[in-house]
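Student: I would like a close look at one part of this model. Please keep to the strands there and what lies around them.

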Amino acid sequence: MGFFNRSKGVSYEDIDLETLLQDSKWSNAIRQAGIDVNNCEVVIRLASPTVVTGRVPEFAEPAILFGYGSKLAMAFHTKGQIKVETRETSRAEIQTIDSGMFQILFGPLENHNGFLFYGTKDNLILGTPEGEKFGEIMLAFLRSQLKPGQIFGTPQSLVSTNVSLKQQAPVSQSGGPVFEDPWDDLRWKMVLTVRSSVVEILDKHNQCLEAVDNVQRAYAMANSEFVEGVRQHEISRNHFRELGRNLERELEGLLIDLHNTLADGKDQWSKLLSILPEAENDIMKLVKWCSLYGIDSDLRNTVIVNAFMFYGDWGTTIDSFLTEEKRICEILKRQTESGH
């Protein structure tokens with residue numbers, strides 16, 4: 001940790017939570033990130049957590065952790081500015097490291113994407129009053145068991161807070177709701193299957209995105225006569241052409257894998273829709289059924305928000321992938337502009 005230099009300048013170290021929220025720099029950044037503090041289930045002031053994105057740690061001094069709906073966000077002071085990092089909770093996992101300190105990771109460890117609570121000032125360590133309460137609060141939030149406005153304070157002030165949970169549907173020994181109707185039990189199992197398909201498709205789609213970017217970079221270098229003002233030797237350009245071709249062959253394998261995974265996902269999605277009660281459209285079928293039985297909102301939203309993936313076809317070439325990406329982006333843009 002000593003390798004990274006912490007920024008100097010304006011200090012908010014001794015400013016309390018309510019004052020931070022009223023400060024214009026903080027409130028503007030929070031508002032621009034789309035966060036309504038009054039609708040947050042969790043608002044916790046932290047002294048010095050760390051935000052990690054792609055191997056780059058940013059040291060927050062201090063920060064405010066927000067939990068609202070299916071999102072977690074960290075607003076923090078770093079390098080003389082107020083930043084806000086927002087993450088979906090669908091892939092969030094709260095953990096403790098060997099020392100007992102907490103971290104929330106978003107995806108596999110190798111993604112280097114997470115909120116780390118290693119600062120000693122907050123004392124968020126398993127076995128301490130602050131750590132035990134923090135773990136209880138965050139688990140309840142990730143399970144959609146908290147109400148807006150319920151958690152507000154610091155790790156120390158929250159120690160004596162009674163975390164009352166929202167009324168949940170009965171659960172079975174396997175962790176799922178209890179259904180009297182065997183058809184509802186089957187629907188529940190299909191929802192879990194579709195959720196797993198969505199997560200796998202998104203992961204493979206992201207791998208393809210990264211691979212496409214690498215291919216384009218290689219060919220761009222091959223087509224560049226000059227690099228940083230120096231004429232590039234033809235041997236170097238040929239090297240990048242060969243690299244581009246090799247990367248394109250690897251991309252083709254990833255696209256075939258995505259295509260096959262997507263085909264399986266479409267089949268599971270179609271089967272789920274066929275056994276859901278009728279509604280005005282496919283999405284509302286799932287929304288109404290999940291709402292009726294109090295299905296975990298994170299699980300439900302993971303499927304609903306990403307259901308458009310089931311209607312895509314990225315093909316097996318870089319051109320077909322880019323064409324489909326453009327088509328979907330245009331559709332999502334029109335929906336955003338129309339408010340749907």
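Student: In which sense do S8 and S9 pair, and over how many bridges?

Tutor: S8 and S9 pair in the antiparallel sense, with 4 bridges between them. The model is a predicted one, in which local features need pLDDT of at least 70 and side-chain atom pairs count only at pLDDT 80 or more, while totals for chains, interfaces and linings use all residues. Residues are numbered from 1 along each chain as its sequence is written, and side-chain values use heavy atoms, with hydrogens and water left out.

As for terms, helices (H or I, at least four residues) and strands (E, at least two) are DSSP runs numbered from the N terminus. Two strands pair if DSSP finds at least two bridges between them.

Strand S8 covers residues 102-106 and strand S9 covers 113-117. In the register of this pair, Gln 103 stands opposite Leu 116 in S9. The hairpin that S8 and S9 make has 6 residues between the strands, and its Gly 107 takes a positive phi near 95 degrees.

The pair belongs to an open sheet of 5 strands, ordered S3-S2-S9-S8-S7, with antiparallel pairing. At the edges are strand S3 (56-59) and strand S7 (92-96), each of which pairs on one side only. With direction ignored, neighbouring strands of this sheet are turned by 20 degrees against each other on average; such angles run from 0 to 180 degrees between N-to-C directions, with axes fitted to C-alpha atoms, for helices over the stretch in contact.

S8 also pairs with S7: these two run antiparallel and are joined by 5 bridges. There, Thr 96 faces Phe 102 in S8. S9 has a further partner in strand S2 (residues 50-53), with 4 bridges in the antiparallel sense. In that pairing Thr 50 stands opposite Leu 116 in S9, and Leu 116 is also the residue across from Gln 103.

S9 is mostly covered, with 4 of its 5 residues buried (buried is under 20% relative accessible area, exposed over 50%, partly exposed in between, with a 1.4 Å probe and protein chains only). Helix H3 (residues 129-142) lies across S7, S8 and S9 and runs at about 160 degrees to S7; contact here means heavy atoms within 4.5 Å. The loop between S9 and H3 holds Asn 123. Asn 123 has a positive phi of about 60 degrees although it is not a glycine, and its relative accessibility of 25% makes it partly exposed.

At the S3 end, the chain leads on to a second sheet. Pro 62 sits in the loop between S3 and strand S4 (63-68), and the peptide bond joining Glu 61 and Pro 62 is cis, with omega about -5 degrees. S4 is part of another open sheet of 5 strands, in the order S6-S5-S4-S1-S10 and with mixed pairing. The edge strands of this one are S6 and strand S10 (151-153), each paired on one side only, and the twist averages 15 degrees from one strand to the next.

Within this second sheet, S4 and S5 run antiparallel and are joined by 6 bridges. Leu 65 stands opposite Met 74 in S5. The loop from strand S5 (71-78) to strand S6 (81-88) contains Lys 79, another residue that is not a glycine yet has a positive phi, of about 50 degrees. Lys 79 counts as exposed because its relative accessibility is 59%. Helix H2 (residues 24-32) lies across S4, S5 and S6, at about 30 degrees to S6.

Further along the chain there are helix pairs. The axes of H4 and helix H5 (residues 234-275) cross at roughly 165 degrees and come within 8 Å. H4 and H5 are therefore roughly antiparallel to each other (under 35 degrees counts as roughly parallel, over 145 as roughly antiparallel, 65 to 115 as roughly perpendicular and the rest as oblique). Helix H4 (residues 182-222) also packs with helix H7 (residues 297-305), at an angle of about 60 degrees and with the axes 9 Å apart. That angle makes H4 oblique to H7. The contact is formed by Trp 188, Val 191, Leu 192, Val 194, Arg 195, Val 198 and Val 199 of H4 with Leu 299, Thr 302 and Val 303 of H7.
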